[in-house]
Every structure is written in structure tokens, then in C-alpha cells.
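Reader: Hello! I am new to this structure and would love a close look at a single part of it. Could you pick a stretch and walk me through what its side chains do?

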Amino acid sequence: MQRREFLNSLGFGIGASMLAPGAVLAHSSSTDMGVSTVRTGDWRALRKLFPLTHDYIQLSTFLLASHPKPVADAIEKHRRSFDENPSDYWHENFLTIDSEISNSAAQYMGGKGENIALTDSTTMGLAMVYSGLKLQAGEEILQTVHDHYSTDMSLVHRANRSGIKIQRIALYDNPAKVNVKEVVARLKEAINVNTRVFAATWVHSSTGVKLPIREMADEIARINKTRKSAQQILFCVDGVHGFGIENQDVSELGCDFFIAGTHKWIFGPRGTGVIWGNDKAWDQAEAVIPSFSASYDVWMGLVKPGNVPVGEHMSPGGFHSFEHRWALPEAFKLHLQLGKENVQNRIHQLNQQTKVGLAKMPHVTLYTPESSALSSGLVCFDVDGIDPETVVKRMHKKGIIMSSTPYRKSYARFAPSLLNNEQEIETALAEISAMG
């Protein structure tokens with residue numbers, strides 16, 4: 001629905017200066033675009049959709065996605081329309097396109113589109129959620145020591161402003177030996193009467209550990225049954241390194257908030273992200289940045305607040321890279337075309353090959369669990385006598401791009417993805433073997 005139709009349906013009119021001419025109306029929204037056909041399991045054909053250089057074996061594409069052709073085409077289409085007539089193109093789409101994008105996200109990730117807010121990154125999503133939660137001085141947020149800088153600092157900034165307390169817990173000591181029972185027991189022991197939020201990360205970019213979110217959520221649910229509604233614990237998850245890999249409906253994962261950037265494993269446009277929250281969670285959060293969706297018309301007196309979906313209300317407004325956000329549905333379409341289960345199986349297959357190969361090397365210490373139930377798309381390890389940055393540099397000289405973990409304790413890290421094949425993994429393993 002275009003802006004004219006939206007407002008007319010509400011019984012309001014708008015000035016002629018706000019409407020686009022027929023030439024602009026001819027442009028379709030991002031959700032009308034098609035996806036280049038790739039047969040299920042044809043990973044070589046998928047790789048051809050990306051302009052990634054073939055001069056290197058890419059084992060760090062999770063950092064920031066190369067745009068596949070359907071996404072790049074959608075970005076260019078929106079960019080061209082903005083460049084030709086920015087005012088009209090924006091006015092014709094801005095009131096309704098966010099809901100279209102959120103509905104597209106829901107088709108991929110589960111839940112309802114109206115419960116999904118659109119952001120620019122995981123970091124923005126984390127900051128918005130933790131800044132907006134309705135907490136009182138003296139209440140506590142429990143987090144893990146395994147979280148990324150973005151979670152740590154979002155919580156520190158919130159605590160400094162509001163007087164809430166932050167408690168930190170280690171859910172495991174040896175990542176390679178992590179087990180569900182220990183994780184759940186440590187979580188249960190750390191929760192006290194003042195705990196109102198538990199902040200965790202689904203897949204740890206520091207070690208490659210994938211937390212058992214469902215089992216942790218079940219333990220929190222048992223505790224919440226003993227509490228009044230105002231004292232119940234919200235479970236917030238940074239899900240970025242499982243999102244685009246795991247065949248999971250986030251509304252059934254067990255958490256209350258799920259935050260992820262969409263420019264990593266999901267191959268979305270750079271500078272895009274999502275927040276999913278259930279109804280209970282959104283009821284306990286305030287908007288941090290004014291929305292430019294239908295919330296603007298609430299301020300104008302044209303629409304009642306109850307007519308604005310919570311996700312749209314929570315999506316930050318302002319002028320930003322619209323051509324990127326509006327192209328996001330193409331990434332979800334591509335993953336659905338590939339099949340979520342197929343994607344999960346392929347990435348786990350390549351990661352299992354990597355872990356098995358590294359585990360055989362006497363000069364390598366593997367930190368990521370061998371079990372796919374407790375790991376996902378990241379493999380972290382040490383090479384005896386060689387610091388991680390040196391490993392990365394040596395591999396780069398051999399034509400292999402990898403990374404080291406950006407934490408106080410750093411490890412070398414591989415991230416086998418859909419853009420890799422078995423031979424590339426064997427080549428990378430051979431180079432690590434040669435360092436012994």
C-alpha cells in the first residue's frame with residue numbers, strides 16, 4: 001500500500017506536494033522484486049551470485065556480507081529511484097515499507113511482523129533494548145562474561161545512567177567441554193530476587209560455543225512461575241551468529257528479545273538489523289529513537305497510537321540508508337529459497353570438517369565444542385607457539401582470509417560458510433598443519 005492509499009483509508013487527505021507523479025509510482029517496492037534462481041543444494045551456483053574475489057579463500061565472510069546479486073540489484077533499484085526523485089520516492093513508500101520488511105523478516109525468522117523492529121546493526125539493537133527497558137534503581141541485569149563488547153558497553157551505559165546493577169557470570173570454564181547441565185545450573189545459581197533481566201549471546205564469537213537457549217529459557221520460566229509479573233525475568237539474546245545458520249523459529253526459541261544484525265550470515269544489506277520481541281517484552285520497553293513510520297502520524301494527530309504496530313513504533317527513524325534497509329527482503333527470500341534446514345546442514349557440515357581436521361593436529365588446541373548441538377559457524381583454536389594475529393597474517397599470505405577473536409583472550413578463528421566448499425577447508429587445514 002502506498003502512502004496515498006494508506007491515508008485515504010483512514011479518511012485523511014494530504015497535500016499535492018506530498019504525492020509522487022506517475023513515473024515514480026511505476027517503481028515497485030522492495031518486496032515486489034524476484035530472486036535469482038538457485039537450486040537447493042547448488043552451493044556453487046550460490047557462490048556465483050556474489051562478487052567476492054576468487055583471489056582468496058574466504059573464511060571470514062561472517063564479519064560483513066558481500067551483497068549477493070538479488071540484494072545488490074534491489075539496492076541499486078532503490079538508489080536510482082532516490083537519486084532521480086528522492087522526495088517523491090520516499091513519501092510514496094515510507095509509511096508502509098517498514099511493515100512490509102518486517103513481515104518479510106517474520107516469514108524467515110518466525111513470529112509476527114508487527115513484533116519486529118528494524119535497526120542498522122546488532123549493536124544498535126542491543127543499545128535500544130537495554131536503554132529502553134523499564135527498570136528501577138536497585139534492580140539487576142545478569143549477563144555472561146562471554147558477551148561481546150557491544151552487550152557489555154550497552155549495559156554499562158545503562159547502569160551508569162539509571163542506578164541499576166550489573167552482575168556477571170561464567171557459564172563454562174572450558175569451552176571445548178561445555179555441557180547443557182552445567183550451563184543451566186550456573187544460570188540458576190546466579191539468579192537472585194533482584195534479577196530482572198538476563199542478557200546472553202546465542203553463539204559466542206570468542207569461543208564458538210552455542211548456548212542451549214531453549215533449556216536456559218525453560219529454567220527462567222520455572223523461576224518466573226514463582227514471581228509476580230512485575231518481578232519476572234526478561235531473557236534477552238544477541239543472536240547474530242546463529243541467525244542465518246540455525247533452522248530456528250525465534251518465537252519458539254524461548255527468549256523474550258532476540259537481536260541480530262542482518263549483514264552477516266543472512267547476506268543482508270550492510271547496515272541492517274532486526275529486533276524481535278514477544279508481547280510481554282515490548283510492554284516493558286520504551287522507544288529510544290523516534291520512529292518515522294506511522295508513529296509520525298500519531299504525533300500529527302492523524303492516527304491513534306494503538307493503530308501502530310509495536311515493531312514499527314520501536315524502529316528508529318531519521319534519514320538513513322533507505323536503499324539498504326528497503327532491499328533487506330531479498331536476503332530473506334534467498335535464504336528461504338535455499339531452505340533453512342539445508343543451510344543449517346551445509347554450514348554445520350563444513351564446520352564439522354574443520355573441527356575434526358584441527359582436532360587431529362597435535363600442535364593445535366581446539367576451543368569450540370565438536371558437537372553441533374553446542375556450536376554453529378565459528379571455530380576457534382590456538383597454534384602452539386604462534387599468536388593468533390601471526391596465524392592470521394601467515395594465512396593471508398597463503399591466500400586464506402580468516403580472523404582472530406577481538407577479546408582480551410584472543411584465538412585464531414575460522415568461519416566456514418555457504419560460500420566455501422570442502423576443498424577450500426582442506427586447503428586451509430593443510431596450511432595450519434604446516435605450521436606444526
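Author: Happy to! Let us begin with aspartate 218, which is partly exposed, its relative accessible area being 29%. Please keep in mind that this is a predicted model. Aspartate 218 has a salt-bridge partner in arginine 214, with N and O 2.9 Å apart. Why can these two be matched along a helix? Both belong to helix H10 (residues 213-224), and because they are four residues apart, about one helical turn separates them. Arginine 214 is partly exposed as well, with 36% relative accessibility.

Stay in helix H10 and you will find another pair. Glutamate 219 makes a salt bridge with arginine 222, and here the closest N and O atoms lie 2.9 Å apart. The spacing is three residues, so these partners too are separated by about one helical turn of H10. Their surroundings are worth a look: glutamate 219 has a relative accessible area of 8% and is buried, since the cut-off for that is under 20%. Arginine 222, at 47%, is partly exposed. Elsewhere, salt bridges with shared partners tie Glu76, Arg79 and Glu323 together in one network.

How do the pairs in H10 fit into the whole? The structure has 18 salt bridges. One of them joins aspartate 120 to arginine 325, with 3.2 Å between the closest N and O atoms. This pair connects distant parts of the chain, as its members are 205 residues apart. Aspartate 120 sits in the loop between strand S2 (116-119) and helix H7 (122-132), while arginine 325 belongs to helix H14 (residues 322-325). Aspartate 120 is partly exposed at 23% relative accessibility, whereas arginine 325 is buried at 4%.

For some context beyond the side-chain pairs, turn to a sheet. Strands S9, S10, S13 and S12, in that order, make an open sheet with antiparallel pairing. Strand S9 (364-366) and strand S12 (403-404) are its edges: each has a single partner strand, so one side of each has no neighbour in the sheet. Between S9 and strand S10 (residues 379-383) there are three bridges, and the two strands run antiparallel. In that pairing, valine 364 faces valine 383 of S10. Helix H16 (residues 340-359) packs on this sheet and touches S9, S10 and strand S13 (412-414). The direction of H16 makes about 20° with that of S10.

Notes
Residues numbered from 1 in each chain as written. Predicted model: local features only at pLDDT ≥ 70, side-chain atom pairs only at ≥ 80, totals over all residues. Heavy atoms only, no water. Salt bridge = Lys/Arg side-chain N within 4 Å of Asp/Glu carboxyl O. Buried < 20%, exposed > 50% of the residue type's maximum accessible area, 1.4 Å probe, protein only. Pairing = 2+ DSSP bridges. Contact = heavy atoms within 4.5 Å. Axes fitted to C-alpha atoms, helices over the stretch in contact; angles between N-to-C directions.
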